[in-house]
Amino acid sequence: MMRVERYDLKETFPELGKEGCNAYVDCYLIDEMKEMQLEYRKHPCLVICPGGGYEMVSAREAEPIALNFLSEGYCVFVVHYSVKPHGFPQPLLEVAGVMELIHQNAEEWVCDAEDVAIMGFSAGGHLAAQYSNHYDCPEIRAVFPESRPVQKTILGYPVITSDKEYRHEGTILNFVGHEPKDGTEKGCSCELLVTEKTPPAFLWHTAEDTCVPVENSLLYAKALSAHKVPFELHIYPYGCHGLATVDKHTCVRLDEKVMHCHQWIEDCKKWLRYF
């Protein structure tokens with residue numbers, strides 16, 4: 001059984017409502033049937049950051065994704081974060097607010113607040129990778145002094161780098177607010193943030209992606225490897241950007257070659273069982 005609740009983040013954390021920001025989170029919570037005698041079993045959590053180039057928040061990468069992971073026993077939280085003109089650090093602060101909300105309500109929601117995965121797509125992948133590595137940066141700690149880490153990272157065709165050769169320009173410029181001086185400004189190049197403390201990651205991309213080149217995922221995987229952080233990487237040969245669930249619910253046209261990418265969901269579920 002499932003119930004869905006929506007929380008305006010500024011109502012719980014007024015600091016997040018400045019300058020007209022109005023982010024919210026949709027919470028997909030599991031209500032165990034009492035006849036199964038499982039009503040007190042804690043559930044792992046999945047925080048989803050849809051894409052949209054920090055211009056909008058994609059509906060295709062929100063509820064359709066969430067529904068695929070409820071069956072795995074995850075309580076799922078879809079973050080509708082602030083976008084242009086609200087760049088760094090506002091979206092990161094809002095993810096931190098969702099993490100705090102999970103911890104505050106863990107007992108009521110029967111959540112395991114120490115087992116949280118963050119999943120992001122495209123620009124949402126940039127946000128997820130940013131938060132995974134940057135959750136304790138000074139800008140977040142100024143608002144959430146005890147900001148919470150995630151334990152796992154899942155990235156679908158993510159924007160990772162600000163390197164002009166491979167970046168998605170709109171995402172980076174919307175996040176930083178201007179042309180970054182280098183990849184370290186506001187932490188905009190996620191591959192430069194990776195350390196040995198970075199959470200294990202699952203990544204998937206397509207080699208045909210001309211919007212966000214596959215090198216973005218490769219750069220993040222290379223950084224993880226250099227720091228001996230466990231990761232799983234899937235590069236599918238065919239398919240455009242923004243495939244989401246790679247089925248009729250989120251894609252208008254699919255051929256057999258592209259349908260192969262749908263396998264990412266089952267591969268990700270298997271990966272989650274081991275981490």
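Does lysine 84 count as buried, exposed or partly exposed, and at what relative accessibility? At 49% relative accessibility, lysine 84 counts as partly exposed. The views below come from a predicted model.

**View 1. Lysine 84 and glutamate 55 form a salt bridge.** The closest N and O atoms of the pair are 3.9 Å apart. Lysine 84 lies in the loop between β4 and α3, and glutamate 55 lies in the loop between β3 and α2, so the pair ties together parts that are 29 residues apart in sequence. Glutamate 55 counts as partly exposed, at 47% relative accessibility. Side chains of opposite charge can pair when their charged atoms come close. A search of the whole structure finds 11 salt bridges.

**View 2. Two cis peptide bonds lead into prolines 85 and 89.** One cis bond joins lysine 84 and proline 85, with omega about 10°. Another joins phenylalanine 88 and proline 89, with omega about 0°. Proline 85 lies in the loop between β4 and α3. Proline 89 has its place in the loop between β4 and α3.

**View 3. Strand β3 is mostly covered.** This strand spans residues 43-49, and seven of its seven residues are buried. β3 pairs with strand β5 (residues 111-121) in the parallel sense, over six bridges. Here histidine 43 has cysteine 111 of β5 as its bridge partner. β3 also pairs with strand β4 (residues 75-80), in the parallel sense, over four bridges. Leucine 46 stands opposite valine 76 in β4. From β3 the chain crosses through α2 to β4, and this β-α-β crossover is right-handed.

**View 4. Strands β7 and β8 pair in the parallel sense.** β7 covers residues 201-206, and β8 covers residues 231-236. Six bridges connect the two strands. Look for leucine 203, which stands opposite leucine 233 in β8. Between the strands, the chain passes through helix α8 (residues 215-226). This β-α-β crossover is right-handed.

**View 5. Helix α7 holds several buried residues.** The helix runs over residues 169-176. Its buried residues are Thr171, Ile172, Asn174, Phe175 and Val176. What covers them includes α3 (90-104) and α5 (123-134). Glycine 177 follows the helix, and its phi is positive, near 100°.

**View 6. Glutamate 100 and arginine 148 meet in a salt bridge.** The N to O distance is 3.3 Å. Glutamate 100 lies in helix α3, and arginine 148 lies in the loop between α6 (138-141) and β6, so the pair ties together parts that are 48 residues apart in sequence. Are the two partners buried or partly exposed? Glutamate 100 counts as buried, because its relative accessibility is 14% and the limit for buried is under 20%. Arginine 148, at 23%, counts as partly exposed.

**View 7. Glutamate 179 and arginine 167 meet in a salt bridge.** Their N to O distance is 2.9 Å. Glutamate 179 lies in the loop between α7 and β7, and arginine 167 lies in the loop between β6 and α7, so the pair ties together parts that are 12 residues apart in sequence. Glutamate 179 is partly exposed, with a relative accessible area of 37%. Arginine 167 is buried, with a relative accessible area of 9%. Elsewhere, salt bridges that share partners join Arg3, Glu5 and Asp31 into one network.

**View 8. Tyrosine 157 and alanine 244 have positive phi angles.** Neither residue is a glycine. For tyrosine 157, phi is about 35°. Tyrosine 157 lies in the loop between β6 (152-156) and α7, and is buried, with a relative accessible area of 2%. For alanine 244, phi is about 55°. Alanine 244 lies in the loop between β8 and α9, and counts as buried at 0% relative accessibility.

**View 9. Met2, Val4 and Leu67 form a nonpolar patch on the surface.** Together they have about 260 Å² of accessible area. Leucine 67 has its place in helix α2 (residues 63-70). This leucine is partly exposed, with a relative accessible area of 44%.

**View 10. Lysine 257 sits in helix α9.** The helix covers residues 256-259. Lysine 257 is partly exposed, with a relative accessible area of 46%. Its C-alpha atom and that of proline 199 are separated by 32 Å. Along the chain, these two residues are 58 residues apart.

Methods:
Residues are numbered from 1 along each chain as its sequence is written. This is a predicted model: local features need pLDDT of at least 70, side-chain atom pairs count only at pLDDT 80 or more; totals for chains, interfaces and linings use all residues. Side-chain values use heavy atoms; hydrogens and water are left out. Two strands pair if DSSP finds at least two bridges between them. A crossover is right-handed if, with the strands pointing away from the viewer, the path from the first strand over the helix to the second runs clockwise. Patches are made of residues with over 30% relative accessible area and no salt bridge: like charges are joined within 9 Å, nonpolar side chains (Val, Leu, Ile, Met, Phe, Trp, Tyr) within 5 Å. Accessible areas come from the Shrake-Rupley method with a 1.4 Å probe; for residues, only the protein chains shown count as cover. A salt bridge is a side-chain nitrogen of Lys or Arg within 4 Å of a carboxyl oxygen of Asp or Glu. Buried means under 20% relative accessible area, exposed over 50%, partly exposed in between (1.4 Å probe, protein chains only). Contact means heavy atoms within 4.5 Å.
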